[in-house]
Structure formats: C-alpha cells, structure tokens
Amino acid sequence: MLRRWHLILGLGVLIGGAITYVALQGGAIAQERAVVSFTPQEQATLTSLESALTRVAETVQPTVVHIRASRQVSQRPFREFFFGQERLEIPDRPVQGQGSGVIIRSDGYIVTNDHVVGDATDVEVTFFDGTKAKGEVLRAPSADIAVIKVDRKNLPAAELGDSSKVKPGQIAFAIGSPFGLENTLTMGIISAVGRREMIPGQGRVRTYTDLIQTDAAINSGNSGGPLVNSRGEVIGINTAIVAGGLTGGNVGIGFAIPINRVKTIVRRLIEQGSYQRGYLGVVLTDIPAEMREELKAEQGALIRSVDQDTPASRAGIEPGDVVVEVDGTPIRNESQFREMIADKGPNAKVRLGILRDGKRINIEATLGVHPEDARDATPQRADRSTEQNTLEQLG
C-alpha cells in the first residue's frame with residue numbers, strides 16, 4: 001500500500017513538473033514578439049508621415065458634409081368599389097438618396113454631384129459637428145455638378161487646388177459618407193488622368209471627358225465628396241466607380257471630376273443661376289496617328305463632320321479641318337477643345353486657329369446653346385437622388 005502511494009506521488013510530481021515546464025515554456029514563447037527595429041531617422045520619418053496625414057484629415061474633414069435628398073415617386077393608382085364608393089389611391093412614395101458634398105464658400109455654398117440631389121423635393125445637409133440645415137439647389141445636369149446653398153455663415157471652406165498639376169503616383173484622399181458612414185477618409189494614389197467615360201442611366205447619358213482616376217476606396221455615398229491631395233487641397237469631386245461583385249462595391253478604380261472644371265461650372269451657377277455650355281455643332285475626334293503626316297498636324301482636334309445650321313456651319317468650318325488653337329491657346333486633343341468651347345458659354349465669340357489642307361487659317365465663330373442644356377433649362381432643381389452602376393455613378 002505504501003509503495004502504491006509512493007508511486008502515485010511520484011507520478012504526480014512528474015506530471016506537475018511537466019505542466020510547470022510547459023507553462024514556463026508557453027510563457028517564454030508568448031514573450032517572443034516580432035518587433036521591427038527602426039533607426040532613429042526611420043522612426044522620425046514615420047512619425048512625421050503619420051502626423052502629416054492626420055493633419056490633412058483634421059483640416060479637410062470639417063469641410064465635408066453628408067447629404068440626404070428626398071423626392072416623391074408617383075405610384076400607379078388603383079380603384080376599389082365598395083358600397084358604391086369608387087377610387088382608392090396610393091399616395092406618392094417618398095424616396096431618399098444620399099451622398100456627400102464639400103463646402104467651397106464660408107457663406108453657405110456646397111458642391112456635390114447633380115446625380116446626388118437630382119429631382120429632389122427636399123435636401124438636408126449634415127455638417128461635421130452634427131448640425132443640420134435645409135438647402136436649395138442650383139444644377140448643371142450635363143456636367144453632373146450641383147451647388148447647394150444653405151443659410152449658414154462662417155462655415156469651414158475647403159481649399160481648392162489646381163487639377164492641371166495632378167499626376168499619376170501622387171497621394172490622394174477620398175472623403176465622404178460611403179454607405180452612410182459619415183466622415184470616412186480613405187487613401188490611395190492617382191492612378192491615371194484624362195479618362196473619358198460615358199455613363200448611361202436615369203434617363204440620360206452623361207459624357208465625362210477628363211476624369212481623374214484613383215484607387216483610393218470610394219463607394220456608394222461618396223459621390224459629391226472631395227478628392228484631396230497631400231496638401232489638403234481639393235483636386236476633384238468623386239463621381240463614379242467601376243463596380244464589381246454582387247454588391248457593386250469598390251474594386252480600386254474610381255473617378256473624380258477635375259476641380260478646375262468644377263470651378264468654371266460653379267462660378268457660372270452662382271453668378272448666373274444656371275450653366276449652359278457653348279455649342280459649335282461639330283463631330284470631333286483626336287488626330288489618328290496615321291493621318292498626322294497627311295494633315296501636317298501632330299496635335300489638335302479633327303473635325304469629322306459639321307451639322308447644318310449651326311455656329312460651325314455659319315462660320316465656314318469644314319470637315320477635315322484641324323483645330324490647333326482657341327483664342328491663342330494651343331489645342332492638344334478633342335477633349336480639351338470640347339471643354340474649352342463648353343466653358344466659353346453661349347453667345348461667346350471665339351477665334352479658332354485651323355489647319356486646312358496643311359495651311360493655317362483663322363476663323364471666328366459665335367457659339368450657341370448646347371441642345372441638351374436648352375432642354376435642361378427649365379426648373380433649377382436637381383435631376384436625381386439615386387445612383388447607377390457598372391461603370392456607375394455613386395449616390
């Protein structure tokens with residue numbers, strides 16, 4: 001019996017020792033952490049970078065707002081007969097869209113996308129501090145830009161940059177309310193510039209001639225929010241993504257309207273109450289590489305055809321002409337020419353430098369109103385509050 005207790009005791013000591021050894025070993029392993037060893041200079045660089053990025057966020061986020069846009073959708077009425085009483089109607093159904101915006105003037109002017117606030121009967125803006133205000137909308141549907149005016153003073157306004165200086169590889173931040181998550185900031189780079197896209201949906205096809213492409217994560221709800229550079233300057237208004245998967249979420253390709261283009265549109269909206277593009281009446285293309293020698297032009301906008309009874313036909317512009325200059329500014333391609341004509345506005349007189357049969361001539365033309373803008377000229381309230389997808393506008 002005594003020998004059995006000695007045996008049990010011995011086994012207990014052995015097992016206890018093993019457990020203690022394992023526990024000590026486990027504790028020792030738990031203390032072995034992977035720690036990166038930085039030199040003082042490297043640590044200072046990282047700390048400085050983090051501090052700079054945080055400062056960008058702290059400076060710009062208070063200028064970004066969350067937008068809710070409501071509109072009424074009519075539903076088909078139906079009739080019901082009950083004890084001789086006729087007609088039971090379903091009332092209009094309220095539909096709510098959401099997006100983002102950026103304050104551009106401290107006296108209450110906010111920029112967003114037209115497709116965010118379109119056809120809205122009620123627009124509500126939520127500011128960084130959580131306060132809310134109702135807004136009135138001025139629209140430029142063809143450019144997908146809108147201005148919201150709220151009755152506020154001393155608002156924090158964003159610094160607007162120069163999008164002509166934007167280059168691939170530069171750091172970019174997208175700020176807005178993706179999926180309603182307000183004050184969200186994401187970071188990436190500028191992945192391309194000068195993208196041309198046509199995005200159909202909601203009763204029209206919008207043409208974007210010079211978009212900035214970024215891989216900073218933007219999603220539904222980011223539309224109208226700012227794309228910001230490393231100095232905290234707004235360089236674009238986030239507008240669309242290439243959607244992927246079942247949810248149509250971010251796949252790393254988003255687009256922003258360059259801020260230089262936005263400035264022109266906003267100025268016209270605030271000063272004149274509307275935005276109408278200048279109109280020439282031609283079909284354009286870039287100069288094909290194989291035709292440069294024949295046309296004696298390395299860059300410019302090639303006139304493919306001229307519509308009848310338009311400013312172009314009245315000015316004597318002909319198919320085959322190459323526009324190389326507008327009011328003294330050299331023309332690189334058809335996108336630049338198209339935007340310059342649009343920004344001149346109706347009734348503007350322009351002096352065109354043209355190559356015809358290899359010889360330089362000058363032609364003066366008086367621009368008209370773009371037919372689409374003439375149709376859009378009626379109510380100055382927005383055209384949509386939901387979004388479209390695949391190459392999709394973001395709500």
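What follows is a chat between two people about a predicted model.

Colleague: Let's start with serine 177: is it buried or exposed?
Modeller: Serine 177 is found in the loop between β8 and β9. Skipping neighbours within four places in sequence, it is in contact with residues including His66, Glu182 and Asn222. Its relative accessibility is 2%, and buried means under 20%, so serine 177 counts as buried.

Colleague: Now asparagine 113: which side chain is joined to it by a polar contact of 3.5 Å?
Modeller: Asparagine 113 sits in the loop between β3 and α3, and with a relative accessible area of 0% it is buried. Leaving out neighbours within four places in sequence, its contacts include Asp144, Ile145, Ser223 and Ile257. The side-chain polar contact of 3.5 Å is with serine 223.

Colleague: And how far apart in space, C-alpha to C-alpha, are asparagine 113 and isoleucine 145?
Modeller: In sequence, 32 residues separate asparagine 113 and isoleucine 145. The two are also in contact. C-alpha to C-alpha, the separation in space is 4.5 Å.

Colleague: Which residue caps the N-terminal end of α7?
Modeller: Helix α7 covers residues 334–344, and eight of its 11 residues are buried, so it is largely enclosed by the rest of the structure. Among those buried residues are Glu334, Phe337 and Met340. At the N-terminal end, a side-chain oxygen lies 3.3 Å from the backbone nitrogen of serine 335, and that oxygen belongs to asparagine 333.

Colleague: What follows α7, with a positive phi near 85°?
Modeller: Look just past the end of the helix, which runs over residues 334–344. The residue there with the positive phi is glycine 345.

Colleague: How far apart are the end C-alpha atoms of helix α4?
Modeller: Helix α4 has 14 residues, 259–272, and at 1.5 Å a residue it should span 20 Å. After it comes glycine 273, with a positive phi near 85°. The end-to-end C-alpha distance agrees with the expected span, at 19 Å.

Colleague: I'm curious about odd backbone angles: what is the phi of asparagine 154?
Modeller: Most residues other than glycine have a negative phi. Asparagine 154 lies in the loop between β6 and β7, and at 74% relative accessibility it counts as exposed. It is not a glycine, yet its phi is positive, about 60°.

Colleague: Where is aspartate 357, which has a positive phi of about 55°?
Modeller: Aspartate 357 is not a glycine either, despite that phi. At 75% relative accessibility it counts as exposed. Its place is the loop between β19 and β20.

Colleague: Which residue meets arginine 277 in a salt bridge?
Modeller: The closest approach of the side chains is 3.1 Å, N to O, between arginine 277 and glutamate 372. Arginine 277 lies in the loop between α4 and β14 and its partner in helix α8, so the pair ties together parts 95 residues apart in sequence. Arginine 277 counts as buried at 13% relative accessibility, whereas the partner, partly exposed at 26%, is glutamate 372.

Colleague: And which residue meets arginine 356 in a salt bridge?
Modeller: The N to O distance is 2.8 Å, from arginine 356 to aspartate 321. Arginine 356 lies in strand β19 and the partner in the loop between α6 and β17, so parts 35 residues apart in sequence are tied together. The partner is buried, with a relative accessible area of 1%: aspartate 321.

Colleague: Last one: how many salt bridges does the count come to?
Modeller: Some are linked in a network, namely those of Asp114, Arg139, Asp144 and Arg206. Another joins lysine 134 and glutamate 124 at 3.9 Å. The count comes to 19.

Conventions:
Residues are numbered from 1 along each chain as its sequence is written. This is a predicted model: local features need pLDDT of at least 70, side-chain atom pairs count only at pLDDT 80 or more; totals for chains, interfaces and linings use all residues. Side-chain values use heavy atoms; hydrogens and water are left out. Helices (H or I, at least four residues) and strands (E, at least two) are DSSP runs, numbered from the N terminus. Buried means under 20% relative accessible area, exposed over 50%, partly exposed in between (1.4 Å probe, protein chains only). Contact means heavy atoms within 4.5 Å. A polar contact is a pair of N or O atoms within 3.5 Å; within protein, one must be able to donate a hydrogen and the other to accept it, and residues adjacent in sequence count only if both atoms are side-chain atoms. The expected span of a helix is 1.5 Å times one less than its number of residues. A salt bridge is a side-chain nitrogen of Lys or Arg within 4 Å of a carboxyl oxygen of Asp or Glu.
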